[in-house]
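Let's take a friendly look at aromatic rings and the company they keep. Have the structure open while you read.

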Amino acid sequence: MAGYDPKQFESKWYERWVDSGAFAPKAPEDGESVFSMVIPPPNVTGSLHMGHALNNTLQDILTRYRRMDGDAALWLPGTDHAGIATQNVVERQLLAEGSDRHELGREAFVERTWAWKKESGGRITEQLRALGVSCDWSRERFTLDEGLSRAVREVFVTLYEDGLIARNRYLINMCPRCHTALSDIEVEHRDEKGRLWHLDYPLEDGSAVISVATTRPETMLGDTAVAVHPDDERYSSLVGKCVILPVMKRRIPIIADTYVDRAFGSGAVKITPGHDPNDFEIGLRHQLPMISVMNNDGTMSEEAGEFAGMTTAECREALLRRFEADATLTKVEDHEHAVGTCYRCHSVVEPLLSLQWFLEVKDMAAETLKALDEGRTRFVPAHWEKTYRSWIENIRPWCISRQLWWGHRIPAWYCDPCSKTVVSREDPDRCPDCGGELRQDEDVLDTWFSSALWPFSTMGWPEQTEDLRRFYPTSTLVTGFDIIFFWVARMMMMGIRFMGEVPFRDIYIHALVRDEHGQKMSKSKGNVIDPLDVVDRYGADAFRFTLAAFAAMGRDVRLSEERIGGYRNFVNKLWNAARFAEMKREGAEVDCTMPGQLSLLPNRWIRSRLAAAVADTRKALDEYRFNEAAGRIYQFTWHEFCDWYIEIVKVLMEGNAGQQQESRRVLTAVLETLLRLMHPLIPFVTEELWQQLPQAGRAGGSIQNASYPGYVESWRDEVAEAEMGALIELVRSVRNIRSEMNIPPKLRLELYADAAAREASALAANLPLVERLAGLSACHLVEVSNPGAGQDGGHGLPAAVPAGSAHGVGGIEHWLPVAGHVDIAAEAERLRKALAKLDKDLTRVERKLADAAFLDRAPQQVVDKEKRKQAALAQERGKLLGSLGRVEALGAGS
């Protein structure tokens, strides 16, 4: 085996997996256990970012784990047509060519968009393959493909026939940049510093004025009332009277409504039903006229009178000049308020009256809460259920129409001669009432409408397919918290409505990937890490393991290239361990299965530790604790298997033939089991190393055909763990003493250990091993029952222990004679100087962290860095104090 180079085998193995059909679920069988997931479909316009990498890595870990554990595992892939985003891409191309979609025409524009999708739309799925995702690509779907389009039309028509979909003039969120309606959850809100303008509206009889305040003066052109609270005595005599709307000279009533906040402004508010969602509800309650003074492009409409054609900004400026001149404007205040923006282009959204299609979802939403109450679906972590409930309980009708050309065109046709509306599963030829010509609705459905059907439409619905029978409801959904409302809630509603069952049993919500300081990654900050660059530099396995290792439940992933590089070292460590095992097999055909009976303590110990690691890893994966699974694998592989067992095997392989044979087989069996245990997290390197193992005792073909390790109770050996643990602690203590006292590793020393210790018999049986690992010339077991009478002049050493011996208690109490190898006075002075310098550094950091001004001004990442420095210095101080105490004890005993 050559050195570890992931570029030599990652793409090779992925191609073989796909070509062999390794990612398809196994054939149906009676009593089968099934695991299924649908991928959150990335936008066809997208390219792989850190969010995709984390989300798909976690999904792949689950899928590979359950597939190896015997389940018929389906992970169904696909992409979303991404209405606004895709249309914008093609429109920008046309703009660069000096054209636009209107010049091209609808049919030609849609054809052009399909051509773009065919040429460039598969980029993100190719990038996912580089990550190693084991989706069943033979089942790949697209939200605009023929089967899903049929499902979308079936759902729309059914909901229309059930009276849940209707076309109404309603207040919607209009993006003037994208020229389309947005649902409430597609509007992002940000706080902005604005102004509050106070305007006087004169009463109709001229007897007084009533003051109202607004953050958007241009909307006053559409006012149809002034509202006060019914219990506000200041205005009780005015309710029922009218004011004259400035500029427009329109007579509008003063009404009473409990929505009004008496403490805000003057306690009187202007009501503009055509441009404010709260005012719209008030308008419905009081049957007020609904006037829209803005167009879809953000300019003022004909209803704005002399201001028609102006932009909203131009209209505001003209109105304020007039109001200042005629004293309608009485006061201006600074005022911070929330501004709605488009989630896609971040333009300010205008609430407008528009004829749109709406889906009434209140009852459907209530069914999803019932499913949660009954335990049919659960959130992991559980606290996201509270967030979900809060939104569902305040849900509003869903505006499902969009003013776009790319998407599922609404299956509604209009007959102009007789005003008939036809909603149909098939395209109609003529009006069924009058025989006249029909024109189809120009709008398309919200992208999230088709995405809401994803768990069952991708499996062939409305046909009752074998995939639906086997794999619906799916087992798990892995997604980010940012689309709980966009997508998760809507899949729940549609799944229960059309399948009679929830679409998934578990909803695992993962956190965000941030930079190492906890900052959101953004191009403007220059802290973006490109997943593909990382894969190219470190390999997919190292990247995947890093993501898993930091994917703690409910905590954001803090990522840096340094950390990814650290886990590449881990993968390299595994590679070198496999090379060592291959070398020790020496070409012999070794059985990969673990022997039932073992005679050597180290072999019993590593088998027991492996069993514990398997149990812990399985439990962590079953509970979606990916970081704990990665951490347990890391701890066993690096700190037990590589750091200790492989070093031990080097000694055991110098023993007799029986020791060599047993150790060679255990080494191979542990590696074989470990590769299977790791495979869901690091699939490429485990497959490559798997192929180097002997054929005997392992599954043929791919590691994916092998079973995931199960917990073997008979492998656990508490006695072996206690005894070997004591020997390891003994060796570690001796190494620490040597390191602290700068004793060269090649210098062989004698060791004296307590003969009465509980694990002394294990030490006696493994003296050559301990002597080799600790760099000893000899190890003596001595009686320690008579301290104080030894060679140290009464300073507490056992009688058999030479004076000038360092004392250790790790594992088994022991003494290491160091006199003559250490200048005790010089070593003590060196340690005191190091301690003094460290104390200065620690005091400096502690003063900084005690400074309230520093804590207030410094960025959080800077404060965190100082805290980490403080902890590291405190830990180092403890070590220096221990070393100094040890050396001073030697001086006292000499």
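What follows is a short tour of ring pairs, a ring cluster and charges over rings.

## Rings in pairs

Keep in mind that this is a predicted model. A search through the whole structure turns up 34 aromatic pairs. One of them joins Trp17 and Phe23, whose ring centres are 6.2 Å apart. Their planes make an angle of 55°, and the pair is tilted.

Are these two rings buried or exposed? Trp17 has a relative accessibility of 2%, so this residue counts as buried. Phe23 is buried too, because its relative accessibility is 3%.

## A pair across the chain

Now find Trp114 and Phe142, an edge-to-face pair with 5.7 Å from centre to centre and 75° between the planes. This pair links distant parts of the chain, with the two positions 28 residues apart. Trp114 belongs to helix 5 (residues 106-120), while Phe142 lies in strand 4 (residues 141-142).

The surroundings of the two partners can be described as well. Trp114 counts as partly exposed because its relative accessibility is 34%. Phe142 has a relative accessible area of 5%, so Phe142 is buried.

## A cluster of rings

Aromatic residues can also be grouped beyond pairs. Here, one aromatic cluster is formed by Phe545, Phe550, Tyr567, Phe570, Tyr634 and Trp638.

## Charges over rings

Which residue has its charged end over the ring of Trp17? That is Arg64, with its charged end 4.7 Å from the ring centre. Over the ring of Trp398 sits the charged end of Arg490, 3.9 Å from the centre of that ring.

Conventions:
Residues numbered from 1 in each chain as written. Predicted model: local features only at pLDDT ≥ 70, side-chain atom pairs only at ≥ 80, totals over all residues. Heavy atoms only, no water. Phe/Tyr/Trp six-rings, centres within 6.5 Å; stacked < 30°, edge-to-face > 60°. Buried < 20%, exposed > 50% of the residue type's maximum accessible area, 1.4 Å probe, protein only. Helix = DSSP H or I, 4+ residues; strand = E, 2+ residues; numbered from the N terminus. Lys NZ or Arg CZ within 6 Å of the ring centre and 35° of its normal.
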